[in-house]
Amino acid sequence: MTAKLKLDRLFEFKTLLGIFSPIVAVVMAFVVGAIIILVFIKSFVLTESTFIRLAEKGVPAAVLESLQTLKGQEYPNRSAFGKDVRAAIGDQNYAQYGSLIKKQALIRENPLTVYNAIFTAALKDRDGWGNVLYRATPLIFTGLAVALAFQCGLFNIGGEGQMVMGGFAIAWIGFTFVKLPAFLLIPLCIIGGAVVGGLWGGIPGYLKARRGVHEVVTTIMLNWIAVAFTQYLTMAYKPEESWIPHTFEIAKSAQLSRLAHYLNPLGIDFPKSNLVNTAVFLAILAVIFAAYLLKRTKVGYEIRSVGFNPTAAECAGINVAKNTVLAMAISGAMAGLAGVNQVMGYKHRFRYGIFGGLGFDGIGVAFIGRNSPLGVVLAALLFGILDHGGLAIDVSTKVPREIILVLKAVILIFVVVSGEITKRLIKIIQKRQEANA
Amino acid sequence: MEVILAIMASSIRFAIPYVLAGLGGTYSERSGVVNIGLEGMMLTGAFTAVAVTNATGSAWLGLLAAIFAGMLLGLIHGVVCVTFRADQIVSGLAIIIFAAGITVFFAWLLYNKTQIKAASHLRVPLLHDIPAFKVLFSEIPPTIFLTALIVIASHFIIFKTVFGLRLRSVGEHPQAADTLGISVDRMRYTGVIISGALSGMAGAYLSLEHAHYFVKGISAGRGFIGLASMIFGKWTPFGTAGAGLLFGFGEALKPYLPKIVPSQFIDMIPYVLTIFVLSSAVGRATPPAAIGIPYIKE
């Protein structure tokens with residue numbers, strides 16, 4: 001009885017830490033981001049208040065007078081500012097007051113302003129929320145892909161390749177079977193994307209199961225093969241007159257409508273330009289499917305058993321090879337569906353540029369979501385907020401939007417590190433409990 | 001004849017980043033740490049090289065800085081994978097994403113654009129002034145000789161020295177190495193940091209010698225071809241160099257091929273060959289035994 005109680009408590013502790021470690025990782029990433037912003041984003045500008053402060057510090061009025069010419073000008077780096085100040089006030093004064101003037105003129109960007117800009121742009125109104133959903137939708141698919149494979153103990157970093165293969169299949173069906181009505185063409189496109197993505201994901205599964213090749217290497221290689229192959233196909237199906245490397249446009253009947261199309265007639269004010277489309281419902285279905293598959297079906301049970309301990313699973317009569325291929329195929333199918341949002345919901349054509357990186361972001365999403373379907377949704381929303389909100393900081397602050405990529409990378413590192421620390425903590429507690437018992 | 005020479009020369013030029021990154025991967029993976037972050041280390045090296053070259057006026061300082069930047073990322077990879085024993089693939093991926101972000105971040109910040117011309121190139125100081133050598137060194141980047149030297153040196157370091165034996169033993173059977181008093185962690189750190197240095201150098205070559213500028217995402221998957229070279233070369237320096245040259249040859253052949261052969265199919269060759277050697281029954285490539293597994297000292 002007591003042993004069971006302790007086990008229960010341990011489990012609770014584990015879940016608790018499991019929830020906390022991604023949060024800790026996100027917070028840590030924002031701290032690192034803040035440090036980067038504080039250290040590197042600076043400018044030099046002489047404003048009215050700088051002059052007052054300089055006068056208070058004892059800078060003679062004559063010097064301040066000659067500085068007036070530089071008033072209001074912004075300098076991104078110290079040396080350019082120093083040069084102009086030296087020219088304005090003369091070498092002698094510069095030697096005496098130069099460093100003081102530079103110190104007073106220095107303006108740093110407040111990281112909180114930057115973060116505030118990100119979250120405000122993403123969450124302030126329906127338009128922001130809609131775009132966050134639009135950006136989270138493909139990440140849910142690619143994140144689920146990684147999470148599902150991970151439940152089987154497989155690391156599928158081939159989401160990128162499975163996604164573009166599936167995405168091309170969707171576009172190809174969409175611009176080839178133009179005569180079909182929407183109720184046939186849309187499901188056909190979706191199934192096509194899933195099947196092609198699944199086949200592409202099945203290859204590394206097969207190579208792992210039958211030839212013992214580690215899936216990480218094969219999926220990396222297959223990513224690049226897929227990118228090159230779809231680039232070739234794109235050129236083959238490119239409209240003659242177009243100078244952009246994209247395919248023909250898919251049929252009107254294969255295009256998904258934006259949510260504004262349904263929300264506006266209901267009297268809900270929603271901008272027509274907002275990109276969120278009905279693919280978001282497919283993403284929700286995919287999440288439910290993944291959760292149901294893993295927890296409520298025989299297939300899911302077998303996949304998880306193989307992931308937990310392949311030897312034990314084999315002994316219990318579970319076909320490890322079959323489940324390895326199956327898990328990779330389902331995973332690939334999920335990644336293949338990302339094209340539903342990108343092609344059917346957004347560009348209506350295939351173009352590699354609309355996919356670039358979503359497959360890799362899916363890995364981050366899965367790990368931050370601790371490889372559970374619900375976690376994937378939350379992590380995808382976080383990435384959606386960062387991606388959409390990141391567009392705003394270019395406009396409103398001096399911070400380049402690439403800080404978002406840095407934040408994502410740091411989150412990823414801290415998630416795996418804090419996960420490891422959690423594991424060690426649990427082990428220590430387990431040992432203590434055993435010692436006590 | 002001239003065409004053949006031109007193809008040969010450009011094969012070598014294309015091969016250098018593959019060979020250097022592949023060698024980097026070899027050091028890291030021989031010690032038991034997977035490093036898919038080569039791509040990111042290369043990209044960071046490419047940016048650092050141009051930034052430091054433009055700031056100091058010396059391309060050699062740029063090269064040194066690129067090596068240093070690569071080592072720094074290698075150190076981070078080491079801390080995450082060796083000390084914290086976290087997932088090596090995720091850490092490598094994080095390094096790639098980080099590099100893609102931080103290089104463009106600083107490009108905007110320092111230059112307000114994402115394509116930055118390199119102010120100076122690598123020149124061999126004394127030899128360059130001798131007329132007889134001048135032609136040689138202006139036609140062929142000095143990095144080529146450096147790379148050849150590193151390939152040969154790596155062969156001796158990995159297979160003929162005590163350090164190399166320890167490096168390999170840590171990657172094959174860390175427990176056994178540990179019982180013999182070899183510090184597994186230290187060897188792995190060394191392996192990963194060397195891989196960072198070589199990838200950073202590959203990046204410096206790319207921006208200073210190959211393209212003469214840095215541009216957003218200049219590495220463009222070359223780190224992964226380096227990884228493929230390493231696997232195709234079966235984790236040996238000479239093998240890696242041979243594979244890198246082969247892949248470079250494919251790249252060099254592109255402009256001379258008839259139109260019916262799409263260039264994208266040439267792009268696929270390294271990856272297809274890699275999958276093939278990993279899964280074929282004959283001449284199969286087997287990675288170091290303890291690769292990807294963090295070592296926990298009991």
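How many residues does helix H4 of chain B have, and how far does H4(B) reach from its first C-alpha to its last? I began my notes with this helix, bearing in mind throughout that the model is predicted.

**Entry 1: helix H4 of chain B**

I found that H4(B) covers residues 88-111, which gives 24 residues, and that the helix reaches 34 Å from its first C-alpha to its last, close to the 34 Å expected at 1.5 Å a residue. I then asked how H4(B) is covered, and noted that 19 of its 24 residues are buried, so the helix is mostly covered by the cut-off of 20 or more other C-beta atoms within 10 Å. Looking just past the end of H4(B), I came to Asn112(B), which takes a positive phi of about 65 degrees.

**Entry 2: chain A as a whole**

I turned next to chain A, whose secondary structure comes to 19 helices and three strands. Its C-alpha atoms fill a box of roughly 90 × 75 × 50 Å along the principal axes, and buried residues make up 50% of its 437 residues. When I looked at contacts in chain A between residues at least 6 apart in sequence, I noted that 77% of them join residues at least 24 apart. The chain is divided into domain 1, residues 42-108, and domain 2, residues 116-397, and I recorded 54 Å between the centres of these two domains of chain A, taken over C-alpha atoms.

**Entry 3: the sheet of chain A**

In which order do the three strands of the open sheet in chain A stand? I read the order as S2-S1-S3, with antiparallel pairing. Strand S2 (74-75) and strand S3 (106-108) of chain A each have a single partner strand and stand at the edges, so one side of each is left without a neighbour in the sheet. I followed strand S1 of chain A, residues 42-45, to S3(A) and found that three bridges join these antiparallel strands; within this part of the sheet, Phe44(A) stands opposite Leu106(A) of S3(A).

**Entry 4: where chain A touches chain B**

I looked last at the contacts between the two chains, where 33 residues of chain A are in contact with 35 residues of chain B. On the side of chain A that touches chain B, the elements giving two or more residues are helix H9 (182-211), helix H10 (215-236), helix H17 (358-368) and helix H19 (403-436) of chain A. Sorting that side of chain A by class, I noted 26 nonpolar, three polar and four charged residues.

Conventions: Residues numbered from 1 in each chain as written. Chains lettered and ligands numbered in written order. Predicted model: local features only at pLDDT ≥ 70, side-chain atom pairs only at ≥ 80, totals over all residues. Pairing = 2+ DSSP bridges. Helix = DSSP H or I, 4+ residues; strand = E, 2+ residues; numbered from the N terminus. Contact = placed C-beta atoms within 7 Å. Nonpolar A, V, L, I, M, F, W, Y, C, P; charged D, E, K, R; others polar. Domains from an automatic or database assignment. Buried ≥ 20, exposed ≤ 12 C-beta atoms within 10 Å, placed from the backbone. Expected span 1.5 Å × (residues − 1).
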